[in-house]
Every structure is written in C-alpha cells, then in structure tokens.
Amino acid sequence: MIKSIGIAAIALVSSSCALFAQTSSKEEYRPAYHFTAPENWINDPNGLVYLDGEYHMFYQHNPFGNVSEHMSWGHAVSKDLLHWEHLPIALEEFKNADDSTQTMIFSGGAVVDSANTSGFFDKGKKDGMVAIYTAHKHANLKGLAQYQNLAYSADKGRTWKHYDKNPVLDIGLTDFRDPFVFWYAPGKKWVMSVVKALEYTVQFYESPNLKDWKLLSEFGKQGDVSKIWECSALFQIPVQGEKEKKWILTLSSGHRQKDYLAMQYFVGDFDGKNFTPQKQDEILFIDEGKDFYAGIPFGNLQSKKPVMIGWINDWEYANKVPTEKFKGAMSIPRELSLKKTDAGYRLVQTPIELSFIAKKTIELTNIQVKENLPLKYNGESYELKAEIEIGTAKTFGIRLLKSEGEESILTYDSAKNTLSFDRTKSGNVSFSDRFPSVESIAVKPKNGKITLQILVDKSIVEIFANGGEQVMTDVVFPKKHEGNIELFSTGGSVVFKKLEIRPVAR
Ligand code: FRU
C-alpha cells in the first residue's frame, strides 16, 4: 500500500546523527569507510594480492606530501577488504647508483610465487611474494626512462629486496608501464599485460620465472584513444547464468567527456598468446563518473568473482582537491561479472557487502513523492538503497549531502531514461574550473522500476544503478556538512517502493 506523505517530512531514526560526530575541519573530507592513507597523497592501487587470509593492497604514495611526487608503494592489509591495517612503506623511491637521479616506484602488480619459479626463495617455500613494478627513472643525461623491475619478499610483504639484475623488461620507451602479472595455468607460465601508453597499445608477455620475458602479442588502437592508456589488466570473469568464463581486458584512458579520465574494457578470449575481443559497437566504460581510475583486480582469486579496486580521483584536478592531510582514496572493492545482452557481454559491478560495518538499517516502504520530500535523517557516511517505481513524474531523484545552498543531485529523467549526477552546487567547486560537472548514464527501467545503491562517504559518492549494470563515482566537497537527504519529483509523482539507509560510523 502506498503511504501518501506528500511533502511532509518522514520521522526517521533521529539518534543516528550521533554516529556522525563532526571531525576536525582539517579532516572534514576524510571518508569513514573508504580507504585513505594515514597521511599524504595516494593514487593507483598496486599489487592487489591475496595470501594466507590477508588481502594486500599496495598503492602509489608520496610519503612526504600531498601532491604526486616521490612515488613509492604504500602498503595495507585486510582480512575482509573493508578494515585495513596500515603497514610501513613497502617500496621506496630510491637513488640510482650510477648518477645522482632518483627512481620512482610506479604502478605494477604482485604475485605469490608458490612454486618458487623465480628462485628468489628457500626451497619449498610457498608464500614468497614478487612485485613487478615500473621503475620511473627521472630525467638525466640519457633522458627519462621507464622499465619493469622485480622486488621480492619472503615475509608476506613486510620487507622487500630489489632484484639485483633489474630491469627484467626494458624496450627503450619512455612511456612503458604498469605491468599486471598473473599465472596462466593452461600454459604453466606467467603472463604480463603492460602498456605502451602513448601508442594506445597493450603488450602481452610470457615468462617461466618472472625474470625472462618474451613478447606474445599486442592489442590496441581501438575503443577510447582520447587519452593515453595506463594500468591494463587481463583476467577471467564469470558470465551470469553460464558455466564458461570469458576474458576481460580493463584499462585506464579517456572519459566520454573531453579530457577527463575513466576506465574502459574489452571482453573476449585469450588463448595464451592473443587476446581476441568480441565485436563491439560502442566504447565500454567501466564507471561513467569522473573519479574511478587505474582500477585493477586481485590477480589470484581464481575461484571467486574478480574483485577490483580503483583510485577515486581524476588527474584533471587530483592535485588540487581541497582535502588536507590526505589526498585520494580507494573505491569500495567491487565484485565483477558479465551479463550477456543482445549487444554483447556487459560488465556488472557490485560493491562487496557492507552490512557488517553498518550497525543498523533504516527501512522505509512505499513512499510517494510529489515535489520535495526531505528525510528526517542526516549523515555524511552511509549506504542508501532504493527501489523506485517510475510513476507519472517527468524527473525524480535524490538530493544528497544537502545543506542550505549546497546539494549533490541525482536525477532520473523518465523520458530519456537517463540518470545524471550534478555536482555543480555540491559545495567547494572552485578549486579547479574542471571540477563542477554533470554526467549521465543510460538506465532503463525494468518492470517499471529502477534500483539504486549509493555509497556516500563524506567526499565520495559511488552510484550503482540497476544492480551495478551502470556505475558512476564522483568526489564532492560539501562545505556546510548538514548531510541532509531530500527525495524529489517534478511533473508528477513517483514511488520509492523501498528505501534503506545504513549509516556507517568512522
Ligand atoms: C596512473 C599512473 C600510472 C603510473 C602512476 C604513477 O594513474 O599515471 O600510469 O604508473 O600513475 O603514479
């Protein structure tokens, strides 16, 4: 039954505000349940690998400041992918022996070398870890250089040694980076994907021992080529309702809107040598927001759905975002699968289950919305799930992180079947003229309904529509922090069949 509440406010649990104690102004934007470094700059996740009950996340990190310099690998471990324990820096920028230049540790992967193919470990040791990273050598007389190096750890990633015969892969290019390595069981060999960034090309290599690499094939110059290609990954992915898995190649490049960054994917087959994509009539973006980039999956979770983590920021303004103490965050890990559609295979992403970090659920049913309906709940870190029956409304949606004069607006257009996110009035938008923006995704109703799952966390909004078939992630910087939520409709009414809010405390 529909409870017609019109524009009256709904009495929700009011004590929930207590969960959201104001943080100091310096930390006003630090998310409560998204990963950030204790201090300073982060970008790409690196070396996502699982070993003996621990998920490892390494990440691009400047240990000395809040801008992208001195890239090193930060390190954290987790048992559940949500609570992270920070560990000391794993791989630090280092000074080169032959001249006075520095080498930065750029992005890359990590593997568990359980058969000790590398020979780095004592006989019989099954838990040796090897990191394969891009060494980015600063300009010197010979100019800039990028090549692939190894480092290894015999104590579950706590301490590392660089291989004394580095580099293991150098083709003399200055933009050759971001190796992702996995064990290809049918061929009993390691396979690496790595980008020739300026050539919009992914190269695939094979190796028996992680040290000697042989070129297998190249793939590229298709899909989005509006920006350089970075951070590729090739992995298997299940198809919903089918036994057989497909292969997916993910990589970072341009956005639908000029000069912003995003990630794209290609679905196809990999025979141990070549990646062959399905016929594709459109560019397939992973996340249509402005702030999901450089995502990679855990490379060794073969038995499960792949889990991807991405960096929440956009190089267009990343160095300027108005956060203090920390800069940049990681997405909530996403489980990936494919859905077969008439147009081909399409990616479906769902954030891992958050229920165990949220203590309670506020649940409302059958809320009819005409015009504006402010909820009597406020907060800045929560998960919101909605099942919405499209009624007569021309547009409807949710105003998030709302205070007087500020709001981040999610609007569904019933005629166009689009969902858009507008952050032009979201708070502090003036730090970069590239920041205020609106984007849209196509979201088709199913049986007259759409579903939304929204992860709001201080300065992050991750939006999963229709069970994760379309996704948008954006950062916002509200200034007044009232954290109000308002449902709205224009030109008619709409029914929120279900609305769930799960507050998450820091
Ligand atoms: C992607 C990227 C990578 C590079 C790293 C440097 O965001 O540009 O290509 O390895 O960041 O921090």
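Lys137 is buried in this predicted model, with a relative accessible area of 8%. Why does Lys137 count as buried? The cut-off for that word is under 20% relative accessible area, so Lys137 with its 8% qualifies. To find this lysine in the structure above, look for strand β8, which covers residues 129-137.

Now let us see what surrounds Lys137. Leaving out residues up to four places away in sequence, Lys137 touches Asn96, Asp98, Asp99, Thr101, Gln102 and Thr103, and also Leu144, Ala145 and Tyr147. One of these partners, Gln102, has a number that also appears in the range of strand β7 (102-112). That strand leads us on to the ligand, since β7 is among the strands that each supply at least two residues of the shell around the ligand. The others named with it are β2 (40-51), β11 (176-184) and β15 (230-238).

Which residues make up this shell? Around the ligand you will find Asn43, Asp44, Gln60, Met71, Phe106, Ser107, Arg177, Asp178, Glu230, Cys231, Tyr293 and Trp315. Sorted by character, the shell has 5 nonpolar, 3 polar and 4 charged residues.

Let us take a closer look at three of the shell residues, Asp44, Asp178 and Glu230. In Asp44, a polar side-chain atom sits 2.7 Å from an oxygen atom of the ligand. For Asp178, the distance from an N or O atom of the side chain to a ligand oxygen is 2.6 Å. Glu230 also places a polar side-chain atom by a ligand oxygen, at 2.8 Å. How much of the ligand does the protein cover? On its own, the ligand has 320 Å² of accessible area, and the protein covers 95% of that.

Next, travel along the chain to Val461, in strand β32 (residues 460-465). Is Val461 buried or exposed? Val461 is buried, because its relative accessible area is 0%. Not counting residues up to four places away in sequence, Val461 touches Leu400, Leu401, Phe421, Ile454, Leu455, Met472, Thr473, Asp474 and Val476. You can also compare its position with that of Ile312: the two are 149 residues apart in sequence, while their C-alpha atoms are 9.8 Å apart in space.

Finally, a word on confidence. The protein chain has a mean pLDDT of 92, and 93% of its residues reach 70 or more. Residues 1-23 are a stretch to read with this in mind: their pLDDT is below 50. Beyond near neighbours in sequence, this stretch has 60 contacts in the model.

Terms used: Residues numbered from 1 in each chain as written. Predicted model: local features only at pLDDT ≥ 70, side-chain atom pairs only at ≥ 80, totals over all residues. Heavy atoms only, no water. Helix = DSSP H or I, 4+ residues; strand = E, 2+ residues; numbered from the N terminus. Buried < 20%, exposed > 50% of the residue type's maximum accessible area, 1.4 Å probe, protein only. Contact = heavy atoms within 4.5 Å. Near = heavy atom within 4 Å. Polar contact = N/O pair within 3.5 Å; in protein donor to acceptor, adjacent residues only side chain to side chain. Areas by Shrake-Rupley, 256 points an atom, 1.4 Å probe, with all protein chains shown as cover. Nonpolar A, V, L, I, M, F, W, Y, C, P; charged D, E, K, R; others polar. pLDDT = per-residue confidence, 0-100.
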